[in-house]
Amino acid sequence: MPAVVRVGLRREAAAGWSYAAVSIGYPGPVLHDKPLSEPRNLGGGWVGFDFRKAFGCRVRLINDAAMQALGSYQGGRMLFLGLGTGLGSALIVNGELEPMELAHLPYKKGRTYEDAVGKAGLKRLGKKKWRRSVADVVARLSAALEVDDVVIGGGNAKRLHGLPKGVRLGSNANAFAGGYRLWKGRG
């Protein structure tokens with residue numbers, strides 16, 4: 001669905017609300033509150049769209065996995081992995097958020113991390129093998145990034161059974177807390 005349609009639907013749903021700022025979680029790379037490219041899994045119209053004008057207020061745009069990571073953060077070095085249509089990722093080290101694009105890095109047999117643990121991987125592998133792939137990806141990335149906390153969120157996180165040690169289940173609701181934290185300490 002194009003950005004302009006999504007904004008229209010959101011404004012309609014929020015009719016009568018009073019708000020001074022909007023936080024948007026975007027499914028792709030973002031730099032300086034602007035999407036760098038059109039999302040792979042949604043309609044176009046995001047790049048170059050004037051969100052501030054459309055909402056009539058201040059707008060912060062951030063990668064959607066980074067927004068959920070920010071809302072999940074409890075301190076230290078945390079890796080967030082979002083298992084949904086694709087693979088979202090973000091790293092927070094001592095309060096400093098770094099959105100990451102790990103999804104398209106090479107993984108195994110000519111496939112990417114996203115191919116293994118995204119929606120296509122789940123469909124191709126089946127739940128049992130997909131869960132093993134998720135555990136393997138978590139172990140590899142945790143070791144490489146030397147994290148002490150891993151949060152797995154996204155729509156397919158609920159399909160996991162028994163999380164590995166040091167891993168906790170996130171919630172899409174944490175994105176709301178992340179959206180709020182984006183404005184904390186900012187005018």
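A residue counts as buried when its relative accessible area is under 20%. In this predicted model, R60 falls below that cut-off, with a relative accessible area of 14%, and is therefore buried. This arginine makes a good starting point for a look at the charged side chains.

R60 meets the side chain of D33 in a salt bridge, with 3.2 Å from N to O. R60 belongs to strand 4 (residues 58-63), while D33 sits in the loop between strand 2 (30-31) and strand 3 (34-35), so the salt bridge ties together parts that are 27 residues apart in sequence. Unlike the buried R60, D33 is partly exposed, at 30% relative accessibility. R60 also has an aromatic partner: its charged end sits over the ring of W183, 6.0 Å from the ring centre. In this way R60 takes part both in a salt bridge with D33 and in an arrangement with the ring of W183.

Side chains of opposite charge can pair when their charged atoms come close. The model has 4 salt bridges, and the one between R60 and D33 is among them. Another joins K108 to D136, where the closest N and O atoms are 3.6 Å apart. Here, too, distant parts of the chain are linked: K108 lies in the loop between strand 7 (96-100) and helix 4 (113-117), and D136 lies in helix 5 (residues 119-145), 28 residues apart. Both residues are partly exposed, K108 with a relative accessible area of 38% and D136 with 23%.

D136 has a further partner in R140, and the closest N and O atoms of this salt bridge are 2.8 Å apart. R140 and D136 are both in helix 5, and because they are 4 residues apart, about one helical turn separates them. R140 is partly exposed as well, with a relative accessible area of 37%. Through salt bridges that share partners, K108, D136 and R140 are joined into one network.

Attention now turns to the nonpolar side chains. The largest nonpolar core contains 25 residues, and L79, L83, V117, V134 and I152 are those with the most contacts inside it. At least two residues of this core come from each of strand 5 (77-83), strand 6 (87-93), helix 4, helix 5 and strand 8 (149-153). Helix 5 contributes the most, with 7 residues. Helix 5 thus appears twice in this account, as the home of D136 in the salt-bridge network and as the main contributor to the core.

I152 gives a closer view of the packing. Leaving aside neighbours within four places in sequence, I152 is in contact with a set of residues that includes L81, L83, V134, V138 and L160. Other contacts of I152 include A157, V167, R168, L169 and G170. A second core, separate from the largest one, has 15 residues, including A65, A90, I92 and A175.

Aromatic rings complete the picture. A pair of aromatic rings is described by the distance of the centres and the angle of the planes. The structure holds 4 aromatic pairs. In one of them, F49 and F51 are edge-to-face, with 4.8 Å from centre to centre and 70° between the planes. F49 is partly exposed, at 23% relative accessibility, whereas F51 is buried, with a relative accessible area of 6%. Ring pairs also bring these two phenylalanines into a cluster with Y26 and W46.

Definitions and conventions
Residues numbered from 1 in each chain as written. Predicted model: local features only at pLDDT ≥ 70, side-chain atom pairs only at ≥ 80, totals over all residues. Heavy atoms only, no water. Buried < 20%, exposed > 50% of the residue type's maximum accessible area, 1.4 Å probe, protein only. Core = buried A, V, L, I, M, F, W, Y, C linked by side-chain atoms within 4.5 Å. Contact = heavy atoms within 4.5 Å. Phe/Tyr/Trp six-rings, centres within 6.5 Å; stacked < 30°, edge-to-face > 60°. Lys NZ or Arg CZ within 6 Å of the ring centre and 35° of its normal.
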